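Dear colleague,

I am handing over the structure we spoke of, with the sequence alongside. Please have it open while you read the notes that follow.

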Amino acid sequence: MRKFVISDIHGNYDGMMKLFQFAKFDPLKDQLVVMGDMINRGPQSGEVLREIKQLHETYENVYATIGNHEEMMLWYLDQKSDMWAHFGGKESAADINDVFKEEGVTQAVEWVKSLPLYMEDNQFIYAHAGMLSLEDRNKRSNLWLKKKELYTLNPQLFLARFNGKILIHGHTPTCFAICDGARLNIDLGASVMKNGRLGLIELEQKVVYSYHFGEDRVAMENIKDLAHQMN
């Protein structure tokens, strides 16, 4: 079974689908983890939500976790904060309402509410912005974890906290998918960085499929393995 992970899609439905097609992702055979921030910034938040929701509800090997942008949406709907409105929430809301007008927006909202903070398999731990230890895995503040805090410990000590499993995260944009032997950042800055891309990672092959927006194309590269470079 191939293992794929994607994060910080930010409403870029077309790019996401081109990545799935290029990588020949097969939900009947492959595992996919979507690590939050499916919405905002890009033009097709509703389409992304609908696609991931359908995949998640249809295939047992497709998983989704919540990101801080979904958290902002829930806060806004619960009248706890208007932060979402400042990050493209109004545009996202219009698209979500349109896409889910037949199914009902409540179905989408309830699905988002049900999403866990993290996912774990036999090799990796997946969380939108990361976490500092397994004991802290259920803290909602993890959705806002800063890179400086996440990378305080050296890789060996950090890996020991997670029983030898590499922690995969997004949230903090980076030019390349980078692994230091304990943490793997896969947020390539889609709709955030000037030349940001959207990345789909095939974990066991250490391959990055990246969608280049300006050129409308998918390219392949390897994960930047800092641990190997330091040895």
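In this predicted model, strand E6, which spans residues 166-169, pairs with strand E8, residues 183-185, in the parallel sense, and 3 bridges join the two. One residue pair to look at here is Ile 168, whose bridge partner in E8 is Leu 184.

Both strands belong to an open sheet of 6 strands, in which the order reads E4-E5-E6-E8-E7-E12 and the pairing is mixed. At its edges lie strand E4 (118-120) and strand E12 (224-225), each of which pairs on one side only. As a general reminder, strands of a sheet pair through backbone hydrogen bonds, either parallel or antiparallel.

The other part I would point you to is strand E1, residues 3-6, and its two partners. With strand E2 (residues 31-35), E1 pairs in the parallel sense over 4 bridges, and within that pairing Ile 6 stands opposite Val 34 of E2. With strand E9 (residues 197-202), by contrast, E1 pairs in the antiparallel sense over 3 bridges, where Val 5 has Ile 201 as its bridge partner.

The parallel pair also takes part in a β-α-β unit, which is made up of E1, helix H1 (residues 13-22) and E2, and which is right-handed.

Are the side chains of E1 buried or exposed? Both faces of the strand are covered, since Lys 3 and Val 5 on one side are buried, as are Phe 4 and Ile 6 on the other. Lys 3 is thus among the buried residues of this strand.

With best regards

Conventions: Residues numbered from 1 in each chain as written. Predicted model: local features only at pLDDT ≥ 70, side-chain atom pairs only at ≥ 80, totals over all residues. Heavy atoms only, no water. Pairing = 2+ DSSP bridges. Buried < 20%, exposed > 50% of the residue type's maximum accessible area, 1.4 Å probe, protein only. Right-handed = clockwise from strand over helix to strand, strands pointing away.
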